[in-house]
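Let's take a walk through this model together. Keep the structure open beside you as you read.

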Amino acid sequence: MSTGVYILGGSQTDFSRNWAREDLEVYNMFAEVLSDAVADAAIEPAQIEVGHVGNFVADLFAGQGLIGGFFGQVYPELAMLPTSRHEAACASGSMAILGAMRDIEAGHYNTACVLGLELMRNVDGKTGAEYLGAAT
């Protein structure tokens, strides 16, 4: 018997926003979208049982590869949350969604949080092109 998977809430940042010009980093983006999504879903953060993050080369653009640890920085009650980062170039967010769906369908967790984010306008164009070349 298939378990239903439902989207409880969501959030999206403004794509025209330049976080680097605002002197903000990938953590600030993560914190904003997570807080907004939790509020939109009308749940308590502690109800989240697993976290999935879709991201491509944050280790290059932001010097941060372990993005799942941000859950516990935003909400201390999520400090021990099991998380995984999914990297599939332009499909990283989709892979994170599929990972969360499989967790729910397998009965491992009831509530998963999926967050997809990219910070790519914080370096000059040449450097950015070199970083994106990691996909080739």
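This is a predicted model, and a good place to start is helix α4, whose buried residues are covered by, among others, β1, β2 (83–86) and β3. Those buried residues are Ser92, Ala96, Gly99, Ala100, Asp103 and Ile104. Look down the axis of α4 and they fall within an arc of 135°, so they line one face of the helix. The spacing makes sense: an α-helix has 3.6 residues a turn, so residues three or four places apart point the same way. As for its dimensions, α4 takes in residues 92–105, 14 in number, and spans 20 Å from first C-alpha to last, close to the 20 Å expected. After α4 comes Gly107, with a positive phi near 85°.

Now turn to the strands. β1 (residues 50–54) and β3 run parallel, joined by five bridges, and Gly54 sits opposite Gly116 of β3. Strand β3 (residues 112–116) has two faces: Cys113 and Leu115 are on the covered one, while Ala112, Val114 and Gly116 are on the uncovered one.

Finally, a couple of backbone oddities. Most residues other than glycine have a negative phi. Asp23 isn't a glycine, yet its phi is positive, about 60°. You'll find Asp23 in the segment before α1 (26–41), and it counts as exposed because its relative accessibility is 70%. Ala42 is another non-glycine residue with a positive phi, this time near 55°. Ala42 belongs to the loop between α1 and β1, and is exposed too, with a relative accessible area of 69%.

Methods: Residues are numbered from 1 along each chain as its sequence is written. This is a predicted model: local features need pLDDT of at least 70, side-chain atom pairs count only at pLDDT 80 or more; totals for chains, interfaces and linings use all residues. Side-chain values use heavy atoms; hydrogens and water are left out. Buried means under 20% relative accessible area, exposed over 50%, partly exposed in between (1.4 Å probe, protein chains only). Helices (H or I, at least four residues) and strands (E, at least two) are DSSP runs, numbered from the N terminus. Two strands pair if DSSP finds at least two bridges between them. The expected span of a helix is 1.5 Å times one less than its number of residues. The arc is that of the directions from the helix axis to the C-beta atoms. Contact means heavy atoms within 4.5 Å.
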